[in-house]
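Me: Please take a close look at one helix and its surroundings. Then go on to the strands and sheets.

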Amino acid sequence: MRVKATVTMLVCMLLIGAVGFLGNRDVSQAANQTGVVIANSLLNVRTGPGTDNAKLQSDGVDVQLPNGTKVTIIESTNGWYKVSFVYNSKTLTGYVSAQYIALDSSATAAPTATPVKQTIYRQETSYKKISVPAKISKKAAIYKTAGKKKLKVSKKAVTLAKKKKVTIVGEKTVKNKKWFKISFTYKKKKRTGYVRNTYVKMTLKTKAEAAITKSKKTVKVRKKASTKAAYKKSGKKVIKLAKKTTVQIAKEKTVKGVKWYKITFSYNGKNYSGYLKASYVNLAKKKVVKKVAVTILSSAAFEKAMAQEGFPESYKQSLRILHQYYPYWQFKAFKTGLDWNTVLNNESKLGVNLISNSKAKAWKSTEAGAYDAKTGKWKVFDGSTWVAASRQAIAYYLDPRNFLTDRSVFQFELLEYQSQYQIRAGVDTILSNTPFYNKKFTYKDLSTGKEKSIYYVDAFMAAAKESGVSPYHLASRVKQEVVTSATTTSIAVTGTNASYPGIYNFYNIGATSGSNPALNGLKWASKGTTYLRPWTDRYRSIVGGGMFIGSSYISKGQNTGYLQKFNVTSYQRYDHQYMTNVEAAYSEAIKTKNAYAGTMDRTPLVFSIPVYNNMPAANCAMPK
């Protein structure tokens with residue numbers, strides 16, 4: 001099923017719309033403020049206020065500022081600004097036309113002093129492959145795939161003898177039967193194949209990572225390996241483990257033909273051990289979180305890093321400016337290997353990218369099937385107002401160079417959870433001016449079934465912990481998808497829809513385009529048993545939806561907001577795009593940026609910025 005969330009009812013404001021052209025304003029009030037270049041091409045800097053003055057030069061080359069460059073306005077004179085700015089690691093002063101500078105009220109002022117060079121850390125999460133030592137417990141046939149086609153070598157079916165050493169490297173359930181993918185040596189060669197789990201016994205030297213899998217709601221842990229054994233308790237209450245709960249397998253035991261695992265786990269802050277049937281537990285990759293030291297790079301070292309990454313020259317000046325302001329940030333080039341025009345052609349297919357019908361004509365497609373020239377009306381593809389975006393609008397949002405400013409670069413931020421820097425206060429900032437700010441809701445605890453209350457902000461922090469996804473991204477996504485005003489939301493999160501009463505879908509997952517996409521999303525949220533579904537309360541939706549985003553997008557390589565909007569990864573390329581709103585990644589980036597307010601210059605963020613082959617020489621201009 002193609003899963004794609006609906007475009008939000010909120011239309012994001014473009015940079016120019018958000019800060020306004022200064023050509024129509026009293027520029028005399030702009031002195032000592034921060035501005036942003038909003039020219040569609042490189043902006044010339046003059047030695048005086050007017051085009052009759054010579055162009056400013058640095059090292060014998062004309063100084064030209066790209067769109068998004070930050071400047072400090074010193075004074076204004078007859079429609080011109082005297083500005084200072086950083087250029088090729090130098091601070092320069094010159095004059096630019098005021099009509100190409102916008103006041104940026106959200107911009108961070110230039111640092112007043114060079115940051116103290118200190119080592120700070122960011123955490124990186126990786127997952128080690130499943131690798132559990134085992135042996136064959138009785139003579140077993142090996143299959144090429146789980147339950148189908150026996151593995152053959154020299155046209156003979158492979159069987160392994162009892163006590164043969166193997167390594168479990170994967171697990172799969174087919175028609176309620178569990179199969180292990182194993183690695184083994186056969187006729188002096190390393191091979192892999194599948195075998196029923198009943199033919200394999202783990203020879204654990206250390207505990208194996210695993211997770212609860214086969215349960216609609218919860219499973220109870222036994223004291224011993226028997227269906228007649230008493231349940232494990234915490235105090236006076238029976239311990240119940242929810243689906244996806246992380247556990248460790250300490251050993252396995254077979255009783256009357258039924259395989260059991262002795263597991264250890266954490267419950268309500270305490271450590272316990274007990275037994276579960278093997279059918280309730282799946283092996284899992286081991287999560288490894290490590291701290292990586294990040295230090296400030298000198299200008300020369302930063303230039304070398306950009307060259308090693310392979311950033312084109314048209315990216316570099318904007319990155320230099322960001323490095324000057326935010327020296328701990330790291331920039332990685334995501335080399336797509338794709339031709340720019342090929343990508344643009346695919347993203348420009350009718351219905352793939354939409355925009356609000358309230359936009360000016362240049363932003364909307366006038367191609368056949370999108371626009372009726374006789375009536376002057378656009379075809380609605382989603383809801384009641386979303387129409388096909390023009391090719392020029394798509395090119396503008398697709399071109400990463402247009403968004404290398406501290407307002408919009410967050411669409412390229414890697415979305416793994418950074419617990420040290422992504423904190424409760426930041427989520428609160430995102431949720432401000434929404435119905436979720438400083439508000440609680442009630443839900444049933446996943447383990448005990450007891451009714452609890454929780455602040456929305458804490459639910460997003462819990463979702464981040466469970467999914468490994470940035471809580472800033474999750475909160476921004478919800479704000480983008482379901483918030484319609486400071487006091488109202490879409491039907492996706494009211495729980496009062498007549499067709500799906502008591503169902504919630506905070507991220508609009510499954511809300512495929514149509515006349516009522518939110519209803520499609522509620523239908524999806526009401527069925528299935530994965531990701532804590534059905535989402536019968538707000539907590540299940542917020543946390544389970546975060547797990548879905550982590551598993552279905554970020555783990556597939558769509559690990560930035562940009563890549564969830566424009567899927568140029570190898571996984572279902574040009575499809576599997578979370579949003580149809582062409583402006584959505586930009587809009588979410590602004591919300592995320594606000595969450596880092598006051599900490600951006602000392603937070604070691606990593607940005608993965610796409611690079612295409614045969615890109616236009618200059619940034620793709622926004623429609624007029």
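Reply: The helix comes first, then its neighbours, then the sheets.

This is a predicted model: local features need pLDDT of at least 70, side-chain atom pairs count only at pLDDT 80 or more, and totals for chains, interfaces and linings use all residues. Residues are numbered from 1 along each chain as its sequence is written, and side-chain values use heavy atoms, with hydrogens and water left out.

Start with helix α8, residues 471-482. Helices here are DSSP runs of H or I with at least four residues, strands are runs of E with at least two, and both are numbered from the N terminus. The end C-alpha atoms of α8 are 16 Å apart, which agrees with the 16 Å that 12 residues should span at 1.5 Å a residue. That expected span is 1.5 Å times one less than the number of residues.

How many residues of α8 are buried? The count is 12 of the 12, so the rest of the structure largely encloses this helix. Buried means under 20% relative accessible area, exposed over 50%, and partly exposed in between, with a 1.4 Å probe and protein chains only. Charged side chains are on the buried list too, including Arg477, Lys479 and Glu481. Also buried in α8 are Tyr472, His473 and Leu474, among others.

What covers α8? The cover includes α6 (424-431), α7, α10, α11 (561-565) and α12 (584-595).

Two of these covering helices, α7 and α10, also meet each other. The axes of α7 (residues 456-467) and α10 (residues 538-552) come within 8 Å and cross at roughly 35°. Axes are lines fitted to C-alpha atoms, for helices over the stretch in contact, and angles run from 0 to 180 degrees between N-to-C directions. The crossing is right-handed. That means the near helix is turned clockwise from the far one by less than a right angle; anticlockwise would be left-handed.

In α7, the residues that meet α10 include Tyr456, Phe460 and Glu466. The α10 side includes Arg538, Ile542 and Met547. Contact means heavy atoms within 4.5 Å. By class, nine residues are nonpolar, two polar and two charged. Ala, Val, Leu, Ile, Met, Phe, Trp, Tyr, Cys and Pro count as nonpolar, Asp, Glu, Lys and Arg as charged, and the others, Gly among them, as polar.

Ahead of α6, in the loop that follows α5 (391-398), lies glutamine 418. Its relative accessibility is 3%, so glutamine 418 counts as buried. Beyond neighbours within four places in sequence, glutamine 418 is in contact with Arg122 and Gln123.

Now the sheets. Two strands pair if DSSP finds at least two bridges between them. An open sheet of five strands runs β8-β7-β6-β1-β9, with antiparallel pairing. Its edge strands are β8 (90-97) and β9 (101-103), each pairing on one side only. β7 (residues 80-87) and β8 are joined by eight bridges. Lysine 82 has tyrosine 95 in β8 as its bridge partner. Helix α3 (residues 313-325) packs on this sheet, touching β6 (70-77) and β7, and its direction makes about 80° with that of β7.

Strand β11 (residues 132-136) has a covered face of Val132, Ala134 and Ile136, while Pro133 and Lys135 form the uncovered one. β11 pairs antiparallel with β18 (residues 165-174) over four bridges, and valine 132 has isoleucine 168 as its partner there.
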